[in-house]
Each structure stands twice: as C-alpha cells, then as structure tokens.
Amino acid sequence: LNDCDIAIVSLDKRITGMGVPSKTYYSLAAGKPLLVIADAKCETSRLVKKFNLGWVVSTGSSEDIAHLVDEICLNPSAIPSSQHIRKVFEEHFDRNVCTAQILSILLDEANK
C-alpha cells in the first residue's frame, strides 16, 4: 500500500449492496485516495463521494476509466491529501469508533 499513489477498489455491479471490500478500509487507513470502479449506488462509492476520498467511475466502460485516470494524472493538485483521508478514517472507520457505534446500538436495543 505504501508504494501506490492511489488505491483501486473495484466491485462487480452484481453484488452492489452486499458489502464493502476490505481493501477499502486498508487503503483509507494507509491514507490512500480511492479510485472506485463500481456502481455509483454502492457503499464504497457513496463513502468516496461523501467524504471526498477520491473518484468513482461506473463499471463496464474502459474508456471512462481511462479518461478519469488521465484527468487524475493531469491534475495532481485535485488528489485528496493523505492527511485528509487518514483523518476521515480515524474519525469514522477506526475500529474503536465502529465498536463504540455497534455497542451503542446493542445497548439501545437491550434497553427497549
């Protein structure tokens, strides 16, 4: 992960809504921007858009993917910083944060 500038996360559109590839979180923990090749409705695509973590391109169009790669290469100042990505990871996806959220949900349910 440390050798790449941008992490590529791809997801077959047939399994949209089934989960988030684990490489998404590993890449975010390493502070790497994401180039997501997946349906715009999948969770990974939504996270990238919501937190400005990189780019999303729909699956199935090699021309669109190539065009986006060209845009990224021609405009490196638009690449989200590693610090921004790492901060988003720590605030929203770190194990302690997620564990606390799950515990809160379980306690709320137990108290009903």
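The following legends describe close-up views of a predicted model.

**View 1. Three strands form an open sheet with parallel pairing.** The strands lie in the order 1-2-3, and the edges are taken by strand 1 (7-10) and strand 3 (54-57), each of which pairs on one side only. Averaged over neighbouring strands of this sheet, and with direction ignored, the turn of one strand against the next is 15 degrees. Strand 1 and strand 2 (residues 34-37) run parallel and are joined by four bridges; within this pairing, I8 has L35 in strand 2 as its bridge partner.

**View 2. Helix 2 and helix 3 pack on the sheet.** Helix 2, which spans residues 43-51, touches strand 1, strand 2 and strand 3, and its direction makes about 140 degrees with that of strand 3. Helix 3, which spans residues 62-74, touches strand 2 and strand 3, and the angle between its direction and that of strand 3 is about 160 degrees.

**View 3. Helix 1 meets helix 4.** The axes of helix 1 (residues 22-29) and helix 4 (residues 82-92) come within 8 Å of each other and cross at roughly 120 degrees, which means that helix 1 is oblique to helix 4. On the side of helix 1 the contact is made by Y25, L28 and A29, and on the side of helix 4 by I85, R86 and F89. Of the residues in this contact, five are nonpolar and one is charged, while no polar residue takes part.

**View 4. Y25 and F93 form a tilted aromatic pair.** The structure holds two aromatic pairs, and in this one the rings lie 5.6 Å apart, centre to centre, with 55 degrees between the planes. The pair links distant parts of the chain, since Y25 belongs to helix 1 whereas F93 sits in the loop between helix 4 and helix 5 (95-110), 68 residues apart. Y25 counts as partly exposed because its relative accessibility is 28%, whereas F93, with a relative accessible area of 14%, is buried.

**View 5. F51 and F93 form an edge-to-face aromatic pair.** Here the ring centres are 5.9 Å apart and the angle between the planes is 90 degrees. This pair, too, links distant parts of the chain, with F51 in helix 2 and F93 in the loop between helix 4 and helix 5, 42 residues apart. F51 has a relative accessible area of 15% and is therefore buried. Through the ring pairs, Y25, F51 and F93 are linked into a cluster.

Definitions and conventions. Residues numbered from 1 in each chain as written. Predicted model: local features only at pLDDT ≥ 70, side-chain atom pairs only at ≥ 80, totals over all residues. Heavy atoms only, no water. Axes fitted to C-alpha atoms, helices over the stretch in contact; angles between N-to-C directions. Helix = DSSP H or I, 4+ residues; strand = E, 2+ residues; numbered from the N terminus. Parallel < 35°, antiparallel > 145°, perpendicular 65-115°, else oblique. Contact = heavy atoms within 4.5 Å. Nonpolar A, V, L, I, M, F, W, Y, C, P; charged D, E, K, R; others polar. Pairing = 2+ DSSP bridges. Phe/Tyr/Trp six-rings, centres within 6.5 Å; stacked < 30°, edge-to-face > 60°. Buried < 20%, exposed > 50% of the residue type's maximum accessible area, 1.4 Å probe, protein only.
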